[in-house]
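Work through these exercises with the structure open beside you. Try each task before you read its solution.

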Amino acid sequence: MPQKQRPVYFSKSVAQTKKIAKEIIQTFSYPEIICLYGDLGSGKTIFAKAVGQFFGLEEKTIKSPTYVFYHTHQLPPLKKTPRWLYHFDLYRLNHAHEVEGLGFSEILQQKNKIILIEWPQIIASILPEKRLEIYFTYLNDQERKIEVTPFL
Ligand SMILES: Nc1ncnc2c1ncn2[C@@H]1O[C@H](COP(=O)(O)OP(=O)(O)O)[C@@H](O)[C@H]1O
Ligand SMILES: [Mg+2]
């Protein structure tokens, strides 16, 4: 069941979106699965970069995994958990079952992980119940609305 707290943020810059990302993952104590919804250019990958940076990755390390569907990043031992960050972009996936070929079940079983999923709609039927959902809306060149729905 979604919790009562459903924050909405308004960002006026990339820097602000990154700040909001760091605030969100701390508010929800590093949720294991974060679904990122929104049109192209709405800020999903910028958000993923900020999460990576929060866990000690360099800014440039997180890049859009559109053509390979996901990237795996081992996290430096700055914080106790997580140890692994998986960053999915399922924009080009045609059917939900195709994620099994990518080892999605095994990744879900792994401990000490955080999974970010851009374009998760196509795998809606197989997403674990426990997750954080974040909706990005493009308002204008610089502004984005970021809405959070926790199912934790
Ligand atoms: N407030 C903002 N938050 C996030 N991105 C912004 C913002 N204002 C402008 N942008 C630009 O929007 C684009 C967002 O790109 P990206 O995160 O790759 O989108 P997505 O992954 O949703 O397709 C970037 O080019 C970024 O510079
Ligand atoms: Mg993206």
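**Exercise 1. Place Ile 25 in the fold: in which helix is Ile 25, and is Ile 25 buried or exposed?**

Solution.
- Step 1. Find the element. Ile 25 sits in helix α1, residues 14–27. Helices (H or I, at least four residues) and strands (E, at least two) are DSSP runs, numbered from the N terminus.
- Step 2. Know the source. This model is predicted; local features need pLDDT of at least 70, side-chain atom pairs count only at pLDDT 80 or more, and totals for chains, interfaces and linings use all residues. Residues are numbered from 1 along each chain as its sequence is written, while chains are lettered from A and ligands numbered from 1 in the order in which they are written.
- Step 3. Apply the burial rule. A residue is buried if 20 or more other C-beta atoms lie within 10 Å of its own, exposed if 12 or fewer, and partly exposed in between, with C-beta atoms placed from the backbone. Ile 25 counts as buried because it has 20 C-beta neighbours inside 10 Å.
- Step 4. List its contacts. Leaving out residues up to four places away in sequence, Ile 25 touches Tyr 30, Val 51 and Phe 54. Two residues are in contact if their C-beta atoms, placed from the backbone, lie within 7 Å.
- Step 5. Compare with Glu 59. Ile 25 and Glu 59 are 34 residues apart along the chain, and their C-alpha atoms are separated by 17 Å.

**Exercise 2. Describe α1: which of its residues are buried, and on which side?**

Solution.
- Step 1. Check the length. α1 has 14 residues and reaches 20 Å from its first C-alpha to its last. That is close to the 20 Å expected at 1.5 Å a residue; the expected span is 1.5 Å times one less than the number of residues.
- Step 2. List the buried residues. They are Thr 17, Lys 18, Ile 20, Ala 21, Ile 24 and Ile 25.
- Step 3. Find their side. These residues lie on the same side of α1, because they cover an arc of only 160 degrees around the axis. The arc is that of the directions from the helix axis to the C-beta atoms.
- Step 4. Recall the general rule. An α-helix has 3.6 residues a turn, so residues three or four places apart point the same way.
- Step 5. Turn to the other face. The exposed residues Ala 15 and Gln 26 are on the face turned away from the buried side.
- Step 6. Name the cover. Elements over the buried residues of α1 include β1 (8–11), α2 and β7 (144–151).

**Exercise 3. How many residues of α2 are buried, and what covers them?**

Solution.
- Step 1. Count. Nine of the 11 residues of α2 are buried, and the helix is mostly covered.
- Step 2. Name some. Among them are Lys 44, Phe 47, Val 51 and Phe 54.
- Step 3. Find the cover. It includes α1, β2 (33–37), β3 (70–74), β4 (84–89), β5 (113–118) and β6 (131–138).
- Step 4. Look past the end. Just after α2, Gly 56 has a positive phi of about 100 degrees.

**Exercise 4. What surrounds ligand 1?**

Solution.
- Step 1. Take the shell. 19 residues surround ligand 1, and the closest are Thr 17, Gly 43, Lys 44, Thr 45 and Ile 46. A residue is near a molecule if its C-beta atom, placed from the backbone, lies within 6 Å of it.
- Step 2. Assign elements. α1 and α2 (44–54) each supply at least two residues of the shell.
- Step 3. Sort by type. The shell has four nonpolar, 10 polar and five charged residues. Ala, Val, Leu, Ile, Met, Phe, Trp, Tyr, Cys and Pro count as nonpolar, Asp, Glu, Lys and Arg as charged, and the others, Gly among them, as polar.

**Exercise 5. Where are Phe 69 and Trp 119?**

Solution.
- Step 1. Recall the general rule. Most residues other than glycine have a negative phi.
- Step 2. Take Phe 69. Its phi is positive, about 75 degrees. Phe 69 is in the loop between α2 and β3.
- Step 3. Take Trp 119. Its phi is near 55 degrees, also positive. Trp 119 is in the loop between β5 and β6.
- Step 4. Check exposure. Phe 69 is partly exposed, with 18 C-beta neighbours inside 10 Å. Trp 119 is partly exposed too, with 19 other C-beta atoms within 10 Å.

**Exercise 6. How many helices and strands has the protein?**

Solution.
- Step 1. Count. There are four helices and seven strands.
- Step 2. Read the order. The pattern is β-α-β-α-β-β-α-α-β-β-β.
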